[in-house]
Amino acid sequence: MQSGKLYIVSTPIGNLKDITLRALETLKEVDFVICEDTRVTGFLLKEYEISKELFSFNAQSEERKIPSVLVRIKNGQNAALVSDAGTPTISDPGLRLVSAAINEEIEVVSIPGVNAAIAALSIAGLPTDSFLFEGFLPQKKGRQKKLKELAEANRTIVFYESTYRIEKLLNELNEYMPNRLVVVCRELTKKFEETWRGTAKELLEDLPNKVTKGEFVVLVSPKDWL
Ligand code: SAM
């Protein structure tokens, strides 16, 4: 029996039109779609009139569900892994599945597309020749240590942040990296998309006039950047 393949498929981060033709083709052709939240993926598939078995798989269940996914692929089925938004495995589940598939000599195929960090970098106006992708900072333990370390980095730094901690992160950037240009991309690709630019202090001063709901990518200029 010839093994199937595992396709890693990027999906939109807000605007449903941001999906590639190849992603749609793949989602139509695979035997089942492995996803985080069946409602989120169900909504996307419905938009494109794709009817497919959805296999729920998230950070909590990943380890436990890997064996059954691998058996199905080994038995010849093709599977697509998607996350709720953007590229799977990037601050999202899937890494353990990908490495387990590689260990089993299953072919893992990338169907690339949207990623919030790259979208933000492309419009930030900060150096992109070299950057540090930090994703989410640890919420408690290790957070201050990490920020101190990052303050020494002479590269653009990219953080992911949520509504709940955006003000906290700006306060920390003001403390640890006060003289940098900070670029905040809120709700990329969505109706109320906007970009804020300034030092962390300037952004904090303006925060009462801003909407702080939504999803954020926060970029910080390199240490020696003018
Ligand atoms: N896998 C995704 C990717 O490829 O970008 C990232 C998933 S991570 C769980 C979610 C975080 O990504 C959000 O908290 C936010 O920091 C960032 N993000 C996702 N969509 C975004 C958007 N439309 N605008 C700004 N940031 C976004």
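**Exercise 1. Sort the lining of the largest pocket by class: how many residues are nonpolar, polar and charged?**

Solution. Keep in mind that you're working with a predicted model.
- Step 1: start with the whole lining, which has 23 residues.
- Step 2: split it up by class, and you get 10 nonpolar, six polar and seven charged residues.
- Step 3: look for the residues nearest the pocket's centre; these are A85, A116, F136, Y160 and E215.
- Step 4: check which strands help out. Both β7 and β10 give at least two residues to the lining.
- Step 5: add the volume, which is about 450 Å³ for this largest pocket.

**Exercise 2. Work out the strand order of the open sheet with parallel pairing, and say which strands sit at its edges.**

Solution.
- Step 1: this sheet has five strands, and reading across it gives β3-β2-β4-β1-β5.
- Step 2: go to the two ends of that order. The edge strands are β3 (53–56) and β5 (107–111), and each of them pairs on one side only.
- Step 3: now the twist. On average, neighbouring strands are turned by 25 degrees against each other, ignoring direction.
- Step 4: zoom in on one pair. Three bridges link β2 (residues 32–35) with β4 (residues 79–81), in the parallel sense. Within this pair, F32 has A79 of β4 as its bridge partner.
- Step 5: put the helices on. Helix α2 (residues 38–47) packs on the sheet and touches β2 and β3, with its direction at about 155 degrees to that of β3. Helix α1 (residues 21–29) lies across β1 (5–9), β2, β4 and β5, and runs at about 135 degrees to β5.

**Exercise 3. Do the same for the sheet with mixed pairing: what is its strand order, and which strands are at the edges?**

Solution.
- Step 1: here the order is β6-β7-β10-β8-β9, again an open sheet of five strands.
- Step 2: the edges are β6 (131–135) and β9 (194–198), each pairing on one side only.
- Step 3: from one strand to the next, the twist averages 15 degrees.
- Step 4: pick out an antiparallel pair. Strands β8 (residues 182–186) and β10 (residues 215–220) are joined by five bridges, and V182 stands opposite V220 in β10.
- Step 5: find the helix on top. Helix α5 (residues 116–124) packs on this sheet, touching β6, β7 (156–162), β8, β9 and β10, and its direction makes about 50 degrees with that of β10.

**Exercise 4. Decide for T41 and then for E205: buried or exposed?**

Solution.
- Step 1: T41 is part of helix α2.
- Step 2: its relative accessible area is 3%, and buried means under 20%, so T41 is buried.
- Step 3: who are its contacts? Leaving out residues up to four places away in sequence, T41 touches V33, C35, L54 and V82.
- Step 4: E205 is in helix α8 (residues 200–206). Its relative accessibility is 53%, and exposed means over 50%, so E205 is exposed.
- Step 5: one last distance. E205 and F32 are 173 residues apart along the chain, and 49 Å separates their C-alpha atoms.

**Exercise 5. Describe the chain as a whole: how many helices and strands does it have, and what share of its residues is buried?**

Solution.
- Step 1: the chain has eight helices and 10 strands.
- Step 2: of its 226 residues, 46% are buried.
- Step 3: along the principal axes, the C-alpha atoms fill a box of roughly 60 × 35 × 30 Å.
- Step 4: take the contacts with a separation of 6 or more; 71% of them are between residues 24 or more positions apart.

Terms used:
Residues are numbered from 1 along each chain as its sequence is written. This is a predicted model: local features need pLDDT of at least 70, side-chain atom pairs count only at pLDDT 80 or more; totals for chains, interfaces and linings use all residues. Side-chain values use heavy atoms; hydrogens and water are left out. Two strands pair if DSSP finds at least two bridges between them. Helices (H or I, at least four residues) and strands (E, at least two) are DSSP runs, numbered from the N terminus. Axes are lines fitted to C-alpha atoms, for helices over the stretch in contact, and angles run from 0 to 180 degrees between N-to-C directions. Contact means heavy atoms within 4.5 Å. Buried means under 20% relative accessible area, exposed over 50%, partly exposed in between (1.4 Å probe, protein chains only). On a 1 Å grid over the protein atoms alone, a cavity is a set of points where a 1.4 Å probe fits but cannot get out, and a pocket is an open set with protein on both sides within 12 Å along at least five of seven lines; lining residues have an atom within 4 Å of a point. Grid points are joined across faces, edges and corners, and a volume is the space filled by probe spheres set on the points. Ala, Val, Leu, Ile, Met, Phe, Trp, Tyr, Cys and Pro count as nonpolar, Asp, Glu, Lys and Arg as charged, and the others, Gly among them, as polar.
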